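Grab a coffee and work through these exercises with the model open beside you. Try each task before you read its solution.

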Amino acid sequence: MSQRMQGQPMIVLGEDADRLKDEDAQSHNISAARAVAESVRSTLGPKGMDKMLVSSIGDVTVTNDGVTILEEMDIENPTAKMIVEVAQTQEDEAGDGTTTAVSLAGELLKNAEELLEQDIHPTSIIRGYDMAATQARDEIDDIAVPVEPGDEEMLKSVAATSMTGKGAELNLDLLSDLVVETAQAVAVDAEDGSTVVDLEFVDIKAKPGRPVADSQLVNGGTIDTDPDHEDMPEEAEDADILLLDAPFTVNEMENDAQLSVDDPEQLQEFIEQEEQQLREKVDAVVDAGVDVVLSKKSIDEMAQHLLAREGILSISQIKRSDIEFLSEVLGTQLHSDLDFETLSDQDLATGDITRDPEDGWYIVESDDSHGVTLVVRGSTEHVSDELERGITDALDVVAATISDGRVLAGGGATEVELAGRLREYADGVSGREQLAVEAFADAFDLIPRVLAENAGLDSIDTLVELRAAHENGDGHAGLDVFDGDVVDTFEAGVVEPAHAKSQAVSSAVEAANLVLKIDDIISATALGEDYEDEQEGQGGGMGGMGGGMGGMGGMGGMM
């Protein structure tokens, strides 16, 4: 005790631990978050560029989908991971707008850093950002345009806006029609009178090898495999179908057992008993009127032969996701513990099964089916996979639009309008929070600026023209990235769901405030040299983020 009182230091952290406090911690966190945001910024809009992501085992993904890029990147920095969570939340809640949300979060932090340099406390910035976000969501509610669930033209515009820039341009009309048709096929009326799109009943399949124009909507499910026996029929109309999640084989003993035989007759008798078991099961299937047996697990070769002889089609080893979806499509139970002795027509479903002659896969349809399969075609696997991601996002936003019933003008129109309204709102805010509200408004300008940059246009001139149009009362004035003009994007069919925009604001401000609240970073390992390099360079970009807190991993090599 006396030694400690004489001034010797108290050691709290381990030798390898490191710590950043106050301005250093804030600068470190903001740099990490901004690096993530800037990594996806160039993908924004119809003219956005793609990223090639190469995994550690050599798998290649080419995409401009924000959440896909961030999930595939090898990000280790904890602050950077928080920004990735913004994209994941946006994807889960809205289905699209991930790049917008992440970019907005990065810009909010950039503007906050400038306020911090003016000795404005993070608490004041956070309070101002919360005020601005609440006001922005209120303004979105005010400027949103209502849309009816049956307004197919508006829904097609929403789908087309979402897919533009994701390899769908040449077949945009066809794909938009398919997306809307798919959403409406699984739309149901809720108890409160609203319309809900049940996307759990939609199965999206990417099939390379054929042009995009061959994409189609199937009223049912698909099976990408061959029949069990060459003598089986390939198709069946109005068929009675049995779905199995159990092996169609001889009954297995509960415990391990060994069989000892003294002569060949005993072995033959045992084999005949097994065959008799299979014959009894097949006879039960025939007596129940089964036309098609679809099984997740194996079907014994002898059973396959007997079924073929009875003119029954069987398909085994079906993927779990496919067989479970077929259960929903056909409205029947997936039998995992079936007693063949009690099998009856009550255990069966009715549907049509046909085979696609070009792809060689089966299509299972039912008149009463609620499930549908959207088959996405593409010349190569990379093309079809990217289209699948684009169509998935489009389905999500169309579903959100049908449920929420509101849309906004795209092309940066909404962001410029919100920025202007927030600046007016800031005039009535007192204290240092006013500066934070103005900084929030400035962050919205990032979206039209980046849209212009990605289209090869002058971002400053574009923003000036957009602001002038909005000051003159044109709240739907946005950027046409294809010819560089400022147009009424709502009339041009460039529309976005209001729910996605509101969610992007919420996700971005929550992430930014979370980063701003951190004033101390304590690491079990040294932050050390990598952080010092970052502070010295500040221009080293993503490669400088790291040290013991975890860098961007293989991100630099993947971009």
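Below are five exercises, each followed by a worked solution.

This is a predicted model, in which local features need pLDDT of at least 70 and side-chain atom pairs count only at pLDDT 80 or more, while totals for chains, interfaces and linings use all residues. Residues are numbered from 1 along each chain as its sequence is written, and side-chain values use heavy atoms, with hydrogens and water left out.

**Exercise 1. Describe the largest pocket and say what lines it.**

Step 1: get the rule straight. On a 1 Å grid over the protein atoms alone, a pocket is an open set of points with protein on both sides within 12 Å along at least five of seven lines, and a lining residue has an atom within 4 Å of a point. Points are joined across faces, edges and corners, and the volume is the space filled by probe spheres set on them.

Step 2: read off the size. The largest pocket comes to about 870 Å³. Of its 45 lining residues, Gly 45, Pro 46, Thr 161, Ser 162 and Glu 496 are the closest to the centre.

Step 3: sort the lining by chemistry. You'll find 18 nonpolar, 17 polar and 10 charged residues. Here Ala, Val, Leu, Ile, Met, Phe, Trp, Tyr, Cys and Pro count as nonpolar, Asp, Glu, Lys and Arg as charged, and the others, Gly among them, as polar.

Step 4: find the elements that contribute. Helices (H or I, at least four residues) and strands (E, at least two) are DSSP runs, numbered from the N terminus. Elements supplying at least two lining residues include α4 (78-94), α5 (98-117) and α15 (446-454). The top contributor is α7, with 4 residues.

**Exercise 2. Is α15 largely enclosed or open?**

Step 1: set the cut-offs. Buried means under 20% relative accessible area, exposed over 50%, and partly exposed in between (1.4 Å probe, protein chains only).

Step 2: count. In α15, 7 of the 9 residues are buried, so this helix is largely enclosed by the rest of the structure. The buried ones are Leu 446, Ile 447, Pro 448, Val 450, Leu 451, Ala 452 and Asn 454.

Step 3: look just past the helix. There, Gly 456 takes a positive phi of about 80°.

**Exercise 3. Which residues line the largest cavity?**

Step 1: recall the idea. Rolling a probe the size of a water molecule over the atoms shows where empty space is left. A cavity is a set of grid points where a 1.4 Å probe fits but cannot get out.

Step 2: count and size. There is 1 cavity of 30 Å³ or more, and the largest has a volume of about 30 Å³.

Step 3: name the lining. Ile 143, Leu 408, Ala 409, Thr 414, Gly 475 and His 476 surround this space. They split into 3 nonpolar, 3 polar and no charged.

**Exercise 4. Which parts of the chain do the salt bridges of Arg 127, Asp 141 and Glu 234 link?**

Step 1: define the contact. A salt bridge is a side-chain nitrogen of Lys or Arg within 4 Å of a carboxyl oxygen of Asp or Glu. The whole structure holds 27 salt bridges.

Step 2: take Arg 127, which pairs with Glu 433 (2.7 Å, N to O). Arg 127 sits in helix α6 (residues 122-143) and Glu 433 in helix α14 (residues 433-444), so the pair ties together parts 306 residues apart in sequence. Arg 127 is partly exposed at 41%, whereas Glu 433 is buried at 11%.

Step 3: move to Asp 141, which meets Arg 406 at 2.6 Å, N to O. This pair links helix α6 to strand β16 (residues 406-409), 265 residues apart.

Step 4: finish with Glu 234, whose bridge to Arg 355 has its closest N and O atoms 3.2 Å apart. Glu 234 lies in the loop between β9 (220-223) and β10 (236-244), and Arg 355 in strand β13 (residues 349-355), so parts 121 residues apart in sequence are tied together. Glu 234 is partly exposed at 44%, while Arg 355 is buried at 19%.

**Exercise 5. What is the phi of Asp 238, and of Gln 317?**

Step 1: check Asp 238. Its phi is positive, about 50°, although it is not a glycine. Asp 238 lies in strand β10 and is exposed at 58% relative accessibility.

Step 2: check Gln 317. This residue, also not a glycine, has a positive phi of about 60°. Gln 317 is in the loop between β12 (313-315) and α11 (320-330), and is exposed at 54%.
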